[in-house]
Amino acid sequence: TWHLKKIPQIVRERTFSLDSPKFEAKTTLELNSVCGIECQRKLPVPSLSDLKSLLSYETVFENGTRTLTEVNVLGAVLDPAGNTTTRRPLRKKRQIYGTDSRFSIYDKRFMTNYPFNTAVKISTGCSGILVSPKHVLTAAHCLHNGKDYVKGSKRLRVGLMKTKSRGNGRKRKGAKRRTSDGMPSFQWTRVKSTHIPKGWFKGVSGDIALDYDYAVLELKRPHKRKYMELGISPTIKMMPGSMIHFSGFDNDRSGQLVYRFCSISDESNDLFYQYCDAEPGSTGSGIYLRLKEPNKKKWKRKIIAVYSGHQWVDINGEQQDYNVAVRITPLKYAQICFWIHGNDENCTQG
C-alpha cells in the first residue's frame, strides 16, 4: 500500500541572478570515482543548514540566463541513523550480464499508452519521465557535469513518442504493422527552464555521492498525455518482491523503447543499488512501483526514484561497478513538487 507521509515544506527565500553558463561540458553517461555503498555508510547526517544549502537550486532559462534560489526547509525530520544500508550487496558485473532481461516495446499500441507513453527522450542522450502536463523528471548529470552545463543543454529538447502515424484517419488497430523496425517516432518540444538542486554541484565536486542526481525540465508547451505521479520511495521490505520497473531509450537498441524490471539489492537513505540490465541512454528514466491506494481496491503506479545509471566507484583501491537510482525521499518529493506547482500547497502529502 502507498502510505501517506507528512511532507516537509520547501519555502523560497531569495533568488539571485548568476552569470550565464558556458554550456561547454561534455555529456558523460557514466560517472567515475563517486561515493559508493561503503562510502555512503560513513557519510554524516546532513544538518538543517546543510539541507537548506543542498536543496537550494539553480534555474537555467532557454535564453541562457541563470538564477540561484535559496530555500528554507520546514518540518524536516533528520534521521539519526544516517545513510545505513540494509543488506550486503552482491557484486556483479553490471550493464548486461547473463541473459539480457530487457524487453523492447515494438507495438505502438503499447508504446503510446500508459505507462510506457510517460517515457521521453532528452536531446543530450538520456531518458526522462513525464511528471505533469508541462514537466519532465530526469538525471542532473544529463545536463550538468558538476562544473558546467553540457553543450546540448542550451537548446534542450524533449522527445515525446508520437501517438499517431501518418494518415491520421486510421485507427490505431493496425499500428504495429506500420512500424516494422520497432522504432518510435518523436515529437520534439523545446525546454523553457531547467531546475537542478545545488546538492548536485557539491555532490560531484565535494564527493558527497549521487544523492542529488535529479533535475526537472519545464516544457515550453504542455502535452496532452497521461503522466505519472510522484510517490515517496518505500524501503525494500515494503515493496512487492523488492521489484522496480523502468522504461528508457538504451543506446544499443537504436531508439527503441526498452522496458525492464528487477529486484533491488541494497539501499541507503537516498539511493537504491540494483542490477537491472541497462545501457547508457536509459539514464534519467523514472523508476516506478505499483501499489494499492490507501483504503481503496485500486492499484496505482508512482515514480519512486530516478535511474542515475552505471557508476564506477573506487573501493579499497579497486574499481567496482553497480547501478544506482536516486530515491524520492520526503524532502526530494517536496522539492520536485514545489518545482512543478510553484508553491507547496499541493505538496503536503506524498
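User: What does the side chain of Glu-218 meet in a salt bridge, and at what N to O distance?
Analyst: Glu-218 meets the side chain of Lys-134, with N to O at 3.6 Å. The pair ties together parts that are 84 residues apart in sequence, because Glu-218 lies in strand β10 (residues 215-219) and Lys-134 in the loop between β6 and β7. A salt bridge here is a side-chain nitrogen of Lys or Arg within 4 Å of a carboxyl oxygen of Asp or Glu. Helices (H or I, at least four residues) and strands (E, at least two) are DSSP runs, numbered from the N terminus.

User: Anything to know about the model before I go on?
Analyst: This is a predicted model, in which local features need pLDDT of at least 70 and side-chain atom pairs count only at pLDDT 80 or more, while totals for chains, interfaces and linings use all residues. Residues are numbered from 1 along each chain as its sequence is written, and side-chain values use heavy atoms, with hydrogens and water left out.

User: Back to that pair. Is Glu-218 buried or exposed, and what does Lys-134 count as?
Analyst: Glu-218 is buried at 18% relative accessible area, and Lys-134 counts as partly exposed at 23%. Buried means under 20% relative accessible area, exposed over 50%, and partly exposed in between, with a 1.4 Å probe and protein chains only.

User: How many salt bridges does the structure hold?
Analyst: The structure holds eleven. One of them joins Arg-260 and Asp-250, whose closest N and O atoms are 2.8 Å apart. Arg-260 is in strand β13 (residues 257-267) and Asp-250 in the loop between β12 (243-248) and β13, ten residues apart. Both Arg-260 and Asp-250 are buried.

User: Which side chain does Arg-327 meet in a salt bridge?
Analyst: Arg-327 meets Glu-267, at 3.1 Å from N to O. Arg-327 sits in strand β17 (residues 318-327) and Glu-267 in strand β13, so this bridge connects parts 60 residues apart in sequence. Arg-327 and Glu-267 are both buried. Elsewhere, Glu-62, Arg-190 and Lys-220 form one network through salt bridges that share partners.

User: Switching to cysteines. How many disulfides does a search of the whole structure find?
Analyst: The search finds one. This disulfide (a pair of cysteine sulfur atoms within 2.5 Å) joins Cys-126 to Cys-142, with S to S at 2.1 Å. Cys-126 is in the loop between β5 (119-122) and β6 (127-130), and Cys-142 in the loop between β7 (135-138) and β8 (157-161), so parts 16 residues apart in sequence are tied together.

User: Why is the disulfide of Cys-126 and Cys-142 called left-handed or right-handed?
Analyst: The torsion about the S-S bond of Cys-126 and Cys-142 is about -95 degrees, so the disulfide is left-handed. Cys-126 counts as buried at 0% relative accessibility, and Cys-142 counts as buried at 0%.

User: How many residues are in the largest nonpolar core?
Analyst: The largest core has 71 residues, and Leu-55, Leu-137, Val-158, Tyr-214 and Leu-230 have the most contacts inside it. Helix α6 (residues 330-341) gives this core its largest share, eight residues. Apart from that core lies another of 17 residues, including Phe-272 and Ile-287. A nonpolar core is a set of buried Ala, Val, Leu, Ile, Met, Phe, Trp, Tyr and Cys residues joined through side-chain atoms within 4.5 Å.

User: What does Val-158 touch?
Analyst: Leaving out residues up to four places away in sequence, Val-158 touches residues including Val-120, Ile-122, Val-136, Trp-188 and Leu-219. Contact means heavy atoms within 4.5 Å.

User: Odd backbone geometry. Where is there a cis peptide bond?
Analyst: A cis peptide bond joins Tyr-114 and Pro-115, with omega about 5 degrees. Tyr-114 is in the loop between α3 (108-111) and β5, and Pro-115 is found in that loop between α3 and β5 as well. Tyr-114 counts as partly exposed at 25% relative accessibility. Tyr-114 also touches Lys-226, Tyr-227, Met-228 and Arg-301, not counting residues up to four places away in sequence.

User: What is the phi of Phe-23?
Analyst: Phe-23 has a positive phi of about 55 degrees although it is not a glycine. Phe-23 lies in the loop between β1 (9-18) and α1 (37-42) and is buried, with 8% relative accessible area.
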